[in-house]
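Work through the exercises below with the sequence and the 3D view at hand. Try each task before reading its solution.

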Amino acid sequence: MNSSISNSRRFTFIAFGGGIVLLVIMLVVLELFLRSQVSSDANSQEYRARFLHGEAPWTAFGDSHVEGALLSGDWLDNLGQASDNLNTIIAKVSLRVERGGVQGVIIPADPQLFSFYRVSAEQEDRIKVLNKDYSESLMLFDPRYRPYLGRTLWSVLSNPSLLWSSNSEPENTQVQSAEPTRPRDWLKSVTIRVQLHTPVANFSKTDDAKAYRQLITGLRAQGIDVCMVRYPVSKDYLTVSRSIAAFSEVEKFFADVAASNEVLLVDVSSLLPGEIFIDPDHIPASQREYVTNVVKERCAVNQLN
């Protein structure tokens, strides 16, 4: 009896110890991967420096659609950041405007701003991180990467070569340095993305819709030019999304906000030919300069005020 109990305890101890060791290994692997990617991440020190010290007269805010579509330059600081929701955008706009020197602001007019996964996201730490240096702490604790830890770990375990891939991009960044190809299940990927981006029911009655209106109105009241932009997506994405009433309702909402505040609404969602997309709703990196120039022209930069 005593021998059986002893063996059972030994087995439990070994199993528990093995689990702890496995967990530590997984966390170390994840930490190494995050550190290998942070130098090319748009959320790195370069982004913080642009946000805290950028002096371009125009600034663009938004999620990965903005981050991957516009190039920062003399006239523009691109402060788009993957997964930013409306509350985070508003907070960043407020901080940047408070610093002064802003002539115009480009605000996204993309339907996913009112999707469930965006309106329900808790992102308070995203603002705090702009004033804190995480370079000497564990990347695992960095709130910028927290939403992607599970997916990133699975990707690394499935393909360990990612750990020493020098040119790979972070899991949440859409710009690719290699020459990727479309996934075999392209239409399935498109459908999934559209479903993910579908606005919540009765979105126009939500606090987010009210906050969006107030954002535009507030900027104009301060004498700041505003240009609302819907960013390019693939033709297939547009086709699928147009079959869903909620997308049309959001388009009408944006048009009404623009008209009531007398600001430009620039829709470049169909700007690029569908065949060049390898991601349903993010443009190829090779098109960023072109899209940036088109947005600058259609937003009448240097012609407003």
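**Exercise 1. A side-chain pair**

Task: Find the side chain with which the side chain of glutamine 81 makes a polar contact, then decide whether glutamine 81 is buried or exposed.

Solution.
Step 1. The side chain of glutamine 81 makes a polar contact of 2.3 Å with the side chain of lysine 92. The model is a predicted one.
Step 2. Glutamine 81 lies in the loop between strand S2 (76–78) and H4.
Step 3. The relative accessibility of glutamine 81 is 3%. A residue is buried when this value is under 20%, so glutamine 81 is buried.

**Exercise 2. The chain as a whole**

Task: State how many helices and strands the protein chain has, and what percentage of its residues count as buried.

Solution.
Step 1. The protein chain has 12 helices and five strands.
Step 2. It has 305 residues, and 47% of them count as buried.
Step 3. Among contacts with a separation of 6 or more, 77% are between residues 24 or more positions apart.

**Exercise 3. Helices H2 and H4**

Task: What is the orientation of H2 and H4 to each other?

Solution.
Step 1. Two packed helices are described by the angle between their axes and the distance between the axes.
Step 2. The axes of helix H2 (residues 45–53) and H4 cross at roughly 55° and come within 9 Å.
Step 3. This angle falls in none of the ranges for roughly parallel (under 35 degrees), roughly perpendicular (65 to 115) or roughly antiparallel (over 145), so H2 and H4 are oblique to each other.
Step 4. On the H2 side, the residues in the contact are Tyr47, Arg50, Phe51, Leu52 and His53; on the H4 side they are Lys92, Leu95, Arg96 and Arg99. By class, this contact of H2 with H4 has four nonpolar, one polar and four charged residues.

**Exercise 4. Helices H4 and H9**

Task: Which residues of H4 and H9 meet, and what is the handedness of the crossing?

Solution.
Step 1. Helix H4 (residues 86–99) packs with helix H9 (residues 207–221) at an angle of about 20°, and their axes are 10 Å apart.
Step 2. The angle is under 35 degrees, so H4 and H9 are roughly parallel to each other.
Step 3. The crossing of H4 and H9 is left-handed.
Step 4. Leu86, Asn87, Ile90, Val93 and Val97 of H4 meet Asp208, Ala211, Tyr212, Leu215 and Leu219 of H9. In the contact of H4 with H9, eight residues are nonpolar, one is polar and one is charged.

**Exercise 5. Helices H9 and H11**

Task: At what angle do H9 and H11 pack, and is their crossing left-handed or right-handed?

Solution.
Step 1. H9 and helix H11 (residues 245–261) pack at about 25°, with their axes 10 Å apart.
Step 2. The cut-off of 35 degrees applies again, so H9 and H11 are roughly parallel to each other.
Step 3. The crossing of H9 and H11 is right-handed.
Step 4. H9 contributes Ala209, Tyr212, Arg213, Ile216, Thr217 and Arg220, which meet Phe253, Phe254, Asp256, Val257, Ser260 and Asn261 in H11. The contact of H9 with H11 divides into six nonpolar, three polar and three charged residues.

**Exercise 6. Arginine 193**

Task: Which residues are in contact with arginine 193, leaving aside neighbours within four places in sequence?

Solution.
Step 1. Arginine 193 is in helix H8 (residues 186–197).
Step 2. With such neighbours left aside, arginine 193 is in contact with Tyr237, Pro280, Asp281 and His282.
Step 3. The side chains of arginine 193 and aspartate 281 are joined by a polar contact of 3.1 Å.
Step 4. The relative accessible area of arginine 193 is 23%. This value lies between the limits for buried (under 20%) and exposed (over 50%), so arginine 193 is partly exposed.

**Exercise 7. Two positive phi values**

Task: Where are glutamate 262 and alanine 300, and is each buried or exposed?

Solution.
Step 1. Most residues other than glycine have a negative phi.
Step 2. Glutamate 262 has a positive phi near 55°, and alanine 300 has a positive phi of about 55°.
Step 3. Glutamate 262 is in the loop between H11 and strand S5 (264–267), whereas alanine 300 is in the segment after helix H12 (288–298).
Step 4. Glutamate 262 is exposed at 71% relative accessibility; alanine 300 is buried at 12%.

Notes: Residues numbered from 1 in each chain as written. Predicted model: local features only at pLDDT ≥ 70, side-chain atom pairs only at ≥ 80, totals over all residues. Heavy atoms only, no water. Axes fitted to C-alpha atoms, helices over the stretch in contact; angles between N-to-C directions. Helix = DSSP H or I, 4+ residues; strand = E, 2+ residues; numbered from the N terminus. Left-handed = near helix turned anticlockwise from the far one by under 90°. Contact = heavy atoms within 4.5 Å. Nonpolar A, V, L, I, M, F, W, Y, C, P; charged D, E, K, R; others polar. Buried < 20%, exposed > 50% of the residue type's maximum accessible area, 1.4 Å probe, protein only. Polar contact = N/O pair within 3.5 Å; in protein donor to acceptor, adjacent residues only side chain to side chain.
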